[in-house]
Each structure stands twice: as C-alpha cells, then as structure tokens.
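I opened my notebook to look at two things here: how the protein meets the DNA, and how the chains meet each other. Come along and check each entry against the view.

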Protein chains: 2
Amino acid sequence: MSTRRKTPLHIEVTESHQCSVDLRLRILHGLPFFADLPHADVEQVNRLFHEYGYAPNETICFAGDSAERLFVVADGRVKLMRHSLSGKNVLLDMLTPGEFFGSLSALKDDVYPDTAEAQTQSCVLSIGASDFRRILEKHPMVALKVLEITSARLREAQERVRQLSALTVEGRVANVLLVLGRKFGKRSDVGLLIESPLTRDDLAAMTGTTTESASRVMSQFQKDGLIQTGRKWVSILAQEALERIAEAEAE
Amino acid sequence: MSTRRKTPLHIEVTESHQCSVDLRLRILHGLPFFADLPHADVEQVNRLFHEYGYAPNETICFAGDSAERLFVVADGRVKLMRHSLSGKNVLLDMLTPGEFFGSLSALKDDVYPDTAEAQTQSCVLSIGASDFRRILEKHPMVALKVLEITSARLREAQERVRQLSALTVEGRVANVLLVLGRKFGKRSDVGLLIESPLTRDDLAAMTGTTTESASRVMSQFQKDGLIQTGRKWVSILAQEALERIAEAEAE
DNA sequence: CGACGAATTGAACCTATTCAAAGGGTGTGG
DNA sequence: CCACACCCTTTGAATAGGTTCAATTCGTCG
C-alpha cells in the first residue's frame, strides 16, 4: 500500500494569480444572484469589478479594516476567519467560486467582521459596496437572491451554534466532514474525496476544538474505517456511519 | 433589605391576548423595513397581515412545520429555539416588538428551522410568505432593509459561534448579559434591569451550558457584586467589570 | 536527501457536566 | 389572607470529556 501516491489531491496551480478575462465573465454570468440578469446588464456590471490574484495563505481582507468592498470568489478556495484575542481563531466558512464575502451594507463606518484568506491560489473579484448597492437598488430580483443566500447562511450559522452547544467534538467533526463532503466531495478511488487542502488545524477551527483533539477523532475515524486521511487531505468511506455519529446527540 | 420587593420586573398583562388595532398600525409603521414606505402602501400592506395573541410559553410555530408565513412581533417577547434530539435545546434569539422571524423564502417545501415560543404574553402579526415576497419585489428599499437586518443577524450568529469556540462558560454568560442589557436594559434602582423574564435554563440555552453551570456563574457574579439577580430576573451593576470578563479570552 | 511543517500520541490536569438533594420565592386555592 | 405546592435556584461531590504540554513520527517539498 505504500507504493500508492499519498496525496490524492490535485490542486490546480496556474502560473499567474490572475484569472483569465474569459473566466471572469463566465463567473459573473454564473453567479447565483446575477443569473436572471439580462446579458447587457452583466456586461455593464462587469466594468465595476476589479480582479486580484492571491497566493495560498495570503490575506484578502483583514477583520477590522474599513469595509468598503464586496468580494466574489472567482477561482480557488477562500477561508473566512474570525479572530479571538487569545489567538484561538474560528474558521467560519470555506468559500468556493461564486460565493461572496465582505461588505453588503452601505454604512460608511462599517468594518469587516472577518479576515478572508486564500487557502489555495485564488482569484477574487471585488466591487465597491456603494456600487453594489446601486445594483441591488436597480435590480430587485438580484437583491432578493442575495437576501435568500444570506438567509440560508444565517440558518447554517445557527445550526453551528446548535452543534457547538449540543454535540461532542466527535459529533461536530463528523458533521463538518459531511458538510465538506457535500460541498467539495468528488468520487475517487479513495472514496468521497474532499477536494480542498484541509489541515487538522482547519478542522479544529471549524469545530471549536484543538488541533490535538481533532487529530485524535480523525485517527479514530480512520481506525474504524469511516474515512481515509493523510497530510492535508480527507476522504469519506462510510457516509452513513458518519451520519449516525453526527446525529447522535449525546443522549 | 427583606422589606424590598423581590421581583423588580413589571410585565404587562393585558386581558386579551390580542393587541389593539391602534397598536397594530403603529407597529407596522414603525417596522424598520417599512419605515421609508409611503403611508398609503403601509395601509395596503396592513390588510395582508393577520394577528394572533399568545400566552406565556405558548408555541407560535414549530420547527419542521411547513414554512408558509413570516411573523412580526408586535408586543411581548418571543423566544427562537432550535431543538436537538437529545432534548438539549438552544435559545437562538429573544425577539422584541418590531423583529421578525419565520419564512423569508418563497420556496414551497421550506420548513421552519426553529420553534418560536411566546416568553411573555405576546401579540404577533403574520403574513403569507408569498405575499411578503411580492412586497419585497414591489419595494426594493424594503428588500434592502430586510437584507441589511438579516446580514446583521448573520454577523451576530457568527459571533456566537466564535464565543462558543473560544470562551469559557463564564465569558459567554458575561457576554450574554451585556447583550441582553443593551437590548432590554432599563435603568432602575437595582441597576441596569433586564426587562425580560429570564431563567437559568434560558441563560444556559443561550450560552451552550447546563442550568447548574449557569447558576454557579451567576452566583459568583452576584457574590462579586457585578450583578443582582433573583428568580427570573437579572440586573447589571458593574458593566465594565463584566466587559473585562467577557473579553478575557482564555489566554 | 534534508528540513520543515503537519500529524500523532501519551499523560497530567482542569473545566464543566452529571446526578443528587435541599432551599427559596411566587402565586394559587382554600 | 395564609398556607401549600410547584417551579426555580442553589450547592455538593463524583465523573467524564477535553485541553494542555511535551515529545516523537511522518510526509512533502525544495
């Protein structure tokens, strides 16, 4: 078994951090909230967006900075993190192309509540908060779609609050693995491979525990044949068994 | 000191659970998201709302039920709770007049993610989800306002995730007390009185701990002269000291 | 190959939970 | 109006789950 490659993850590494103009337009057109927008309007909107490339671990915006822009992931993976004074940071979300973050409000004195960091090489589009607001005002259907997405995220965040309150570390890790499997999962010869580089630190920051506890739980899951995992990658073998653990709410 | 009344809380108990038509119109006009709406439109919108009264501990809507309506608190206090199979429930929010809950989406197969329960005698207005959606489509400014509120709530929920991940029970209780103080606080002869009946169970469900732990922390706070508390009420004496505890992130 | 970052594992410690029991205030019914 | 009953609250002691600190192993990339 040692002859097999250890890292089944293939992360695209483009030469330039910029994403192509072609990709950029495709992203905008494919954005959930621009989906219903007439072609001409998207073209117009396109001109308001700027584009930046980021290397892995590079910060896109800092929590506390004046929040003047809205960002849209075009390519790569972006981590949304909230800091604590103690250094024990929380990983709130991992964003894929099409998802947005940053400022939605028009308030001038607003600041970003979170730090956004590229997890892989990424391309991010951004637009001035006031420009985006003008779009929302002009296109009610876009505003409604953004509201729907925000609303769904609120539910997810509240579900996480519930889990942190009611579940053990084991249950929370199982839940996160299932969510990531749904979001990043791709069938492969090692199971449902989560296509995103994922350290024990990340896992800990997503479940409100320590690196060591996350590691212990993952080791146990692997021993039990539920997952397959290595350095910076995870793959799910027994989804149903994980679901049982995820839903087992400390009776 | 035993001559003083023990319960400084005054909860209005109206005969009827219904709120007056007068109050109802005033509420609609005062709603954050209807604030900018022309008078005539509000009158029109008013006709789409239904009105119900609830006794303390009565359930307004059940998690899992088909989500067809949006609710607005007109009078009283409403608890938003998310259940766990184990019975360890989580108190997500305590709503005051003007705040909304229920369904924002137009999806037909949607269900309420939470159970809403009257904490005090309450009056609640409700509107069909599709009717509300039509209002949002017709009045972009209303949609934007709703988006802003939802967005702010998302931030709060994420802040709670951070706290559950990074703070001790003591820190989380201190935080909740400060938030409630800001939301319900009224200066009185016993300090900043939180005008909402609040049990140790509620506190535990808001901080992800047990009734006993919440009680222990509250006892300690009282011993230290930070708060004054009794059966179903709390008052803050030393806000700054609480803030220090709330921000002390387990170094 | 060598070095660094990531992951694992062990053992002591500690916070918070659990289970159990007793005390206290409120409001209701006699 | 008083007394009782119920629910809320408090407190104690034992336990468990998780953290912390420290040391080691392992894998990947330069």
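Before the first entry, a working rule: I count a polar contact when two N or O atoms lie within 3.5 Å of each other. I also keep in mind that this is a predicted model.

**Entry 1: DNA strand C.** I looked up R231(A) and found an N or O atom of its side chain 2.6 Å from a base nitrogen of DNA strand C. Next I turned to the phosphates. R200(A) places a polar side-chain atom 2.8 Å from a phosphate oxygen of the strand, while V169(B) uses a polar backbone atom, 3.0 Å from a phosphate oxygen. Two elements each give two or more residues to this surface: α7 (211–223) of chain A and α7 (211–223) of chain B. The largest share, 4 residues, is from α7(A). By class, I noted 9 charged, 10 polar and 2 nonpolar residues.

**Entry 2: who comes nearest?** Of the 21 residues around DNA strand C, I listed S215(A), R231(A), T7(B), T209(B) and S213(B) as the nearest. Of the strand's atoms within 4 Å of the protein, 62% belong to sugar and phosphate.

**Entry 3: chain A with chain B.** I found 44 residues of chain A in contact with 42 of chain B. The two chains bury about 4000 Å² between them, with 66% of that on carbon and sulfur atoms. I got 6 salt bridges across the interface; one of them joins R82(A) and E159(B), at 3.6 Å from N to O. On the chain B side, β5 (90–95), α3 (129–138) and α4 (140–166) each give two or more residues. Here α4(B) gives the most, 21 residues.

Methods. Residues numbered from 1 in each chain as written. Chains lettered and ligands numbered in written order. Predicted model: local features only at pLDDT ≥ 70, side-chain atom pairs only at ≥ 80, totals over all residues. Heavy atoms only, no water. Near = heavy atom within 4 Å. Polar contact = N/O pair within 3.5 Å; in protein donor to acceptor, adjacent residues only side chain to side chain. Nonpolar A, V, L, I, M, F, W, Y, C, P; charged D, E, K, R; others polar. Contact = heavy atoms within 4.5 Å. Buried area = accessible area lost by both parts, 1.4 Å probe. Salt bridge = Lys/Arg side-chain N within 4 Å of Asp/Glu carboxyl O.
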